[in-house]
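Work through the exercises below with the model open beside you. Try each task before you read its solution.

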Amino acid sequence: MTTKDQPLHILLVEDDEVDALAIRRALRKLAANVVLSVAEDGLTALQMMRGSKTYGRIESPYIVLLDWKLPRMHGGEFLRELRADPALRSTMVFVMSTSDAAEDRRLAYEFNVAGYFLKGGIKDGFTTAIATLLQFCELVELPEQDHKRTSRLSA
């Protein structure tokens, strides 16, 4: 749960600059207490979650907004890697995709995503979807990521 003192950290994994800009606008419009980080692909997102010299580490608690069709590592590959990492497997992930393929949705839910949104079905330029997501995050207790376990795994 976020408070006025503790912002929600959102990692947006999105390669489309227009969609990323629309989400930034929605957050500004909602005056959300959010720190937004953007990764253009799944590999970069994992580096940001695990911490690296290039990207540092995203502060916990955070959620991931994941585009499905990404370069270098698509959404399914990202989720497979994320769920295999003991320190990151409890991360809350929402997929936002242009893909209406039943196979993509099935795979996403097999990897325990919290929701799968079709970008084409999101009205009001993401504002309604982001507002709903923020309300949801105010009501639930988000898991803390155990970065110490990741450090031991990397050593």
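The exercises cover two loop residues, one helix pair and several salt bridges in a predicted model.

**Exercise 1. Two positive phi angles**

Task: Find where A31 lies, and decide whether A31 is buried or exposed. Then do the same for N112, giving its place and its exposure.

Solution:
- Step 1. Start with the backbone of A31. Its phi is near 50°, a positive value in a residue that is not glycine.
- Step 2. Place A31 in the chain. It sits in the loop between α1 (17–29) and β2 (34–39).
- Step 3. Check the surface. The relative accessible area of A31 is 64%. The cut-off for exposed is over 50%, so A31 is exposed.
- Step 4. Turn to N112. Its phi is near 60°, again positive in a residue other than glycine.
- Step 5. N112 belongs to the loop between α4 (102–110) and β5 (115–118).
- Step 6. N112 has 58% relative accessibility, so N112 counts as exposed.

**Exercise 2. A helix pair**

Task: Describe how α1 and α5 cross, and list the residues that meet.

Solution:
- Step 1. Know what to look for. Two packed helices are described by the angle between their axes and the distance between the axes.
- Step 2. Read off both values. The axes of α1 and α5 (residues 127–139) come within 9 Å and cross at roughly 60°.
- Step 3. Name the arrangement. Perpendicular would need 65 to 115 degrees, and roughly parallel would need under 35. The two helices are therefore oblique to each other.
- Step 4. Add the hand. The crossing of α1 past α5 is right-handed.
- Step 5. List the contact. From α1 come I23, A26, L27 and K29; from α5 come T127, I130 and L134.
- Step 6. Sort these residues by type. Five are nonpolar, one is polar and one is charged.

**Exercise 3. Salt bridges around K119**

Task: Which parts of the chain does the E14 and K119 pair tie together? Which parts does the D19 and K119 pair link?

Solution:
- Step 1. Recall the principle. Side chains of opposite charge can pair when their charged atoms come close.
- Step 2. Take E14 and K119. Their side chains form a salt bridge, 2.7 Å from N to O.
- Step 3. Locate both ends. E14 is in the loop between β1 (8–13) and α1, and K119 is in the loop between β5 and α5, so the pair ties together parts 105 residues apart in sequence.
- Step 4. Check burial. Buried means under 20%. E14 has 3% relative accessible area and is buried. K119, at 11%, counts as buried.
- Step 5. Take D19 and K119. The closest N and O atoms of this salt bridge are 2.8 Å apart.
- Step 6. Locate these ends too. D19 in helix α1 and K119 in the loop between β5 and α5 are 100 residues apart. D19 is buried as well, at 15%.

**Exercise 4. A pair with other exposure**

Task: Is D100 buried or exposed? What joins E14, D19, D67 and K119?

Solution:
- Step 1. Find the pair. The side chains of R105 and D100 meet in a salt bridge of 2.9 Å, N to O.
- Step 2. Classify each partner. R105 is partly exposed at 29%. D100 has a relative accessible area of 52%, so D100 is exposed.
- Step 3. Now the network. Salt bridges with shared partners join E14, D19, D67 and K119 into one network.
- Step 4. Finish with the count. The model has nine salt bridges.

Terms used
Residues numbered from 1 in each chain as written. Predicted model: local features only at pLDDT ≥ 70, side-chain atom pairs only at ≥ 80, totals over all residues. Heavy atoms only, no water. Helix = DSSP H or I, 4+ residues; strand = E, 2+ residues; numbered from the N terminus. Buried < 20%, exposed > 50% of the residue type's maximum accessible area, 1.4 Å probe, protein only. Axes fitted to C-alpha atoms, helices over the stretch in contact; angles between N-to-C directions. Parallel < 35°, antiparallel > 145°, perpendicular 65-115°, else oblique. Left-handed = near helix turned anticlockwise from the far one by under 90°. Contact = heavy atoms within 4.5 Å. Nonpolar A, V, L, I, M, F, W, Y, C, P; charged D, E, K, R; others polar. Salt bridge = Lys/Arg side-chain N within 4 Å of Asp/Glu carboxyl O.
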